[in-house]
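Let's take a friendly tour of this structure, beginning with the ligand site and moving on to a pair of helices. Please keep the 3D view open as you read.

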Amino acid sequence: MPQDPQDPPQTHDLDALVVGTGFAGIYALHTLTQDGLRVQAIDQARDVGGTWYWNRYPGALSDTWSYLYRYSFDAELLRDYPAANRYSTQPEILEYLKHVVARYDLRRHMRFETVMEGAAWDDTIKKWRVRCRDISKPDEGKGEVQYTYTVRYLVTALGLLHEPVIPDIPGLKEGVFQGEVVHTAAWDPQTSLAGKRVGVIGVGSSGVQVVTAIASQVASLHVFIRRPQYSVPANDRPLTPPERAAINAAYPALWADVRASHLGMGFPESSRKFMAVSPADRERILETLWREGNGLQLMFGGFSDLTTDAAANAEVCRFLRRKIAAVVTDPRKARVLTPTEPYARRPLSDAGYYAQFNRAHVHAVDVRAHPITAVEAHGLRTADGTLYELDTLVVATGFDALDGSYARVHIRGRDDDADDLHERWRRTGSACYLGCAVSGFPNLLLVSGPMAAFANVPPLTETNVEFLRDLIRRAEAITRRTGTQCEIEATLAAERAWTEHCDVTARKTLFAQAPSWMFGANVPGKRPASRLYFGGLGPFRAKLAEVKACGWVGFKEPLGTAGVLRSHSHL
Ligand code: NA7
């Protein structure tokens, strides 16, 4: 049959394929094309944006300062691109990413509505064979692999928070509800909630933001709360022109601080121990952070040990509980909204969350006391027999994070009889060298994969991509010299040592005691373990520098040298 010129040819042979076009994929594509590689990026979405494409729910906002929630590699763009408020909304971030793509003419290397079904390393040709499906015409060729990429480097920029978690509530997946169901991570922008009876399941970042944004518009709002979290005012406000001018003047120093810091968020991280400060001064510091900061600043900007000293953490919890009691006028609602656990999950920031519950039509439903038992045709039923009648159900139940992003991509490495990558992680635990390489998977390069640093995404992304670029540059030089494709592959010993180092680092923090997505605790049956490096962005960058300085230690020869980082030799 003659091929339609519009159809993609069956096989594309390239140097590299980037999977994902969020912050990480865009920068990976830009960086590798700058190096002269033939690269394409694919995404299952209709456009760029990654997390910021999918999470289009009302109120979606980044809690990093807007002028640092962006790439640093282009000084002019950094200086000239608008930053209206302290924080950027989802539409603003999406526009920013589109602008970057247009500025560097990257769209010509991108293909949307393209799902990576699977990839297998072909050791005879030393390339990945990546099977893809075009979903732009959903009725044609359903489920069929429609074309294949053969590439020397497979760069997965799948995102930290991509795979939505749908809770196992009878009736939910079966679709018995006659109203509309929408997950925050797959939000349909056409969804209108005005005047509706709305239910929200989940009060993490997504739930807190959506509740705050919609409370004034809906007829009634029932928020189903299992384990409430502490939320701190984001204190968003416009940036004044003099503030912006000062930021522009200070950018080089600001970025240097970001890269050396733990969180990479731009605010000074305190070195002051909580118990070393008088109770009156602690209160004063916390008050200032409540009035001027956000959740991250309250956790890390006033004191150095709130996530490691349980007694200090308990004091801050008391402070935060007092704040909730002072805002929420109905004591019954306040009780449902008030956490009892330590302040040790990813901190939340809001735009007036607790105050929404002072509206008579906004209800806090305690589903710890009476769990949701079923989704029925007209609403949600809880264990005490109550049916909450709803028109729209918002499912804000988060993500199968980090390694969960790999659940559906079926990547098979050197040993094609072995498990695919996600299955291997599921069976034996997630392990990944420096968040970027896995033993047995040559030339598979993960951007911010499991065991990358817990930090502000743009500087973390730049750190990861630039490390991968340097790995590829070295591999290309060796390939040219030897005439044989050089393989970038972590040794098993280095992968294990790094993963164990991440685990030891995490266990020193109170984060490890609070069940959350960072430890896989939000997904039934998922192995509980840290999937992040909690040592900080600055120390993470220092490790990467050490790896390079030590002859790419932990990567197999000829690219690297056997052994593990000196700083891990005790493991
Ligand atoms: P999160 O932080 O994982 O929050 C998910 C929420 O959903 C949380 O409140 C859960 O309660 C709740 N949940 C999940 N299943 C149920 C059931 N069955 N019943 C009641 N409540 C349920 O996801 P987000 O999307 O808000 O945020 C993820 C990250 O994105 C965030 O940390 C930022 O980094 C950006 P639980 O606490 O498990 O009781």
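## Around the ligand

The ligand is surrounded by 18 residues, and those that come nearest are Val-203, Ser-205, Ser-206, Arg-226 and Trp-517 (a residue is near if one of its heavy atoms lies within 4 Å). By type, this shell holds 8 nonpolar, 6 polar and 4 charged residues; here Ala, Val, Leu, Ile, Met, Phe, Trp, Tyr, Cys and Pro count as nonpolar, Asp, Glu, Lys and Arg as charged, and the others, Gly among them, as polar.

This is a predicted model, in which local features need pLDDT of at least 70 and side-chain atom pairs pLDDT 80 or more, while totals for chains, interfaces and linings use all residues. Residues are numbered from 1 along each chain as its sequence is written, and side-chain values use heavy atoms, without hydrogens and water.

## Polar contacts and cover

Which residues make polar contacts (N or O atom pairs within 3.5 Å) with the ligand's oxygen atoms? A polar backbone atom of Ser-205 is 3.0 Å from a ligand oxygen. Arg-227 brings a polar side-chain atom to 3.1 Å from a ligand oxygen, and for a backbone N or O atom of Ala-396 the distance is 3.4 Å. Of the 790 Å² of accessible area that the ligand has on its own, the protein covers 87% (Shrake-Rupley method, 1.4 Å probe).

## Helices α1 and α13

Now look at α1 (residues 23-34) and α13 (residues 457-482), which pack at about 35° with axes 9 Å apart (axes are lines fitted to C-alpha atoms over the stretch in contact, and angles run from 0 to 180 degrees between N-to-C directions). Helices are DSSP runs of H or I, at least four residues, numbered from the N terminus.

Among the α1 residues that meet α13 are Phe-23, Tyr-27 and Leu-32, and the α13 side includes Val-457, Arg-469 and Ile-472 (contact means heavy atoms within 4.5 Å). The residues of this contact divide into 9 nonpolar, 2 polar and 3 charged.

Notes: Helices (H or I, at least four residues) and strands (E, at least two) are DSSP runs, numbered from the N terminus. A polar contact is a pair of N or O atoms within 3.5 Å; within protein, one must be able to donate a hydrogen and the other to accept it, and residues adjacent in sequence count only if both atoms are side-chain atoms.
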